[in-house]
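Reader: I am new to reading structures, and I would like a close look at one part. Could you take me carefully through the surroundings of the ligand?

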Amino acid sequence: MQIIQDLSLSQLENIIIEMGEPKYRAKQIFENIYNGKNINNISNIPNDLKQKLKQLFIDEPVKIYTVQESHDGTQKFAYELFDGNIVEGVLMRYKHGNTLCVSCQVGCRMGCKFCASTLGGLVRNLTAGEILAQVLTVNAMLGGTAKKRQITNIVMMGSGEPLDNFENVAQFLKLVTSKDGINFSPRNISVSTCGIVPNIDKLAELGLPVILTISLHAPNDFIRKQIMPIANSYSIKQLIEASKRYFEKTGRRVVFEYALTDGINNTDECAKQLSKLIKGFPNHINLIPLNEVNERNLKSVTKKSCQHFANLLERYGMSVTIRRTMADDIDGACGQLRNKIINENKI
Ligand code: SAH
């Protein structure tokens, strides 16, 4: 069985022609799928074609399984995939639009010490269509269509490491920015990575100037190795050089994520080292007070300490914001909701 959302319009046209159907049917089906419809709900194709399609394709590859709503309006979804696996998504509502956070893997194998997604390791990669279907499903849930989008921004900050599933993520980026489909601007898409250096260069080569977000979380290799195993494979120096190359190639300033963790990376010396490390090319630092995860014994910082760290960085001339902690009442941290559902189902 295949997933329709994995296909480009021309790939679907080839399949439709092979089925002995007129080519224009492909466009009709494609438009309906991008409007968030299932094969079953497509009203402008004949029933026998629907039946044929249902034998070839998984009809609803990403189903909304649960929705939790936070006091701040943020919604957190658990999606069920065709094989019963669960991944998460978060919809954040801002004045300027709606941002959807998408997952690209079931679980993760990067092993970051603060992250809930990686607790059970990597289960499997998502296909491009499974990532795309998250966008199409929530867009339709909000009353949007391909032409009248309700989702304005996409961030690849759900479960999984995008650059550890490079081919599928690259295909997803091509599909979601295609004029045939939902026509997202790459400028409104962020790809977040723990820093798989060679694939940062591959991402730059795609010719889609998405925002590169680096989960840095430490100002030197010594601290980074304590919390992020990937630091044993690529040094901070290599990572910063790759970020500079990304900027040179795409013209996009790079965003560095820095989750403040008490007693680990929040000293004044850390702020000084961080500013020295990334000075000299266009970038932005996003400070996040660590979202505490039950299974991990890392501690977050106070608001005051977070502000102090931000002030220091500003004094050193850095561009910095503190990310609003959203949805901490609904298991907002990466992987928390999925783990909860898995644990509840075990009982
Ligand atoms: N694998 C990718 C994207 C997934 S996580 C990456 O590493 O960037 C999205 C962001 O949330 C990353 O910056 C990640 O480091 C951060 N994150 C994960 N768990 C967190 C937690 N408990 N508190 C704060 N940020 C967290």
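Author: What follows describes the surroundings of the ligand and then turns to how the chain is divided. Please keep in mind throughout that this is a predicted model. There are 19 residues around the ligand, and those that come nearest are Glu161, Ser192, Ser215, His217 and Asn291. If you sort the residues of this shell by character, you find 10 nonpolar, 7 polar and 2 charged. Two of the nearest residues can be followed down to single atoms: a polar side-chain atom of Ser215 lies 2.5 Å from an oxygen atom of the ligand, while Glu161 places a polar side-chain atom 3.0 Å from a ligand nitrogen atom. Thr193 takes part through its backbone, with an N or O atom there lying 3.3 Å from an oxygen atom of the ligand. On its own the ligand has 530 Å² of accessible area, and the protein covers 94% of this.

To place these residues in the chain as a whole, it helps to know that the chain is divided into domain 1, residues 4-56, and domain 2, residues 62-343. The C-alpha centres of the two domains lie 33 Å apart, and their contact takes 11 residues from domain 1 and 16 residues from domain 2. Between them, domain 1 and domain 2 bury about 1,000 Å², with 60% of it on carbon and sulfur atoms. On the domain 1 side, Gln5, Asp6 and Tyr34 lose the most area to domain 2, and together they make up 58% of what that side buries. Between the two domains the count is 0 salt bridges, whereas 4 residue pairs are in polar contact.

Definitions and conventions:
Residues numbered from 1 in each chain as written. Predicted model: local features only at pLDDT ≥ 70, side-chain atom pairs only at ≥ 80, totals over all residues. Heavy atoms only, no water. Near = heavy atom within 4 Å. Polar contact = N/O pair within 3.5 Å; in protein donor to acceptor, adjacent residues only side chain to side chain. Areas by Shrake-Rupley, 256 points an atom, 1.4 Å probe, with all protein chains shown as cover. Nonpolar A, V, L, I, M, F, W, Y, C, P; charged D, E, K, R; others polar. Domains from an automatic or database assignment. Contact = heavy atoms within 4.5 Å. Buried area = accessible area lost by both parts, 1.4 Å probe. Salt bridge = Lys/Arg side-chain N within 4 Å of Asp/Glu carboxyl O.
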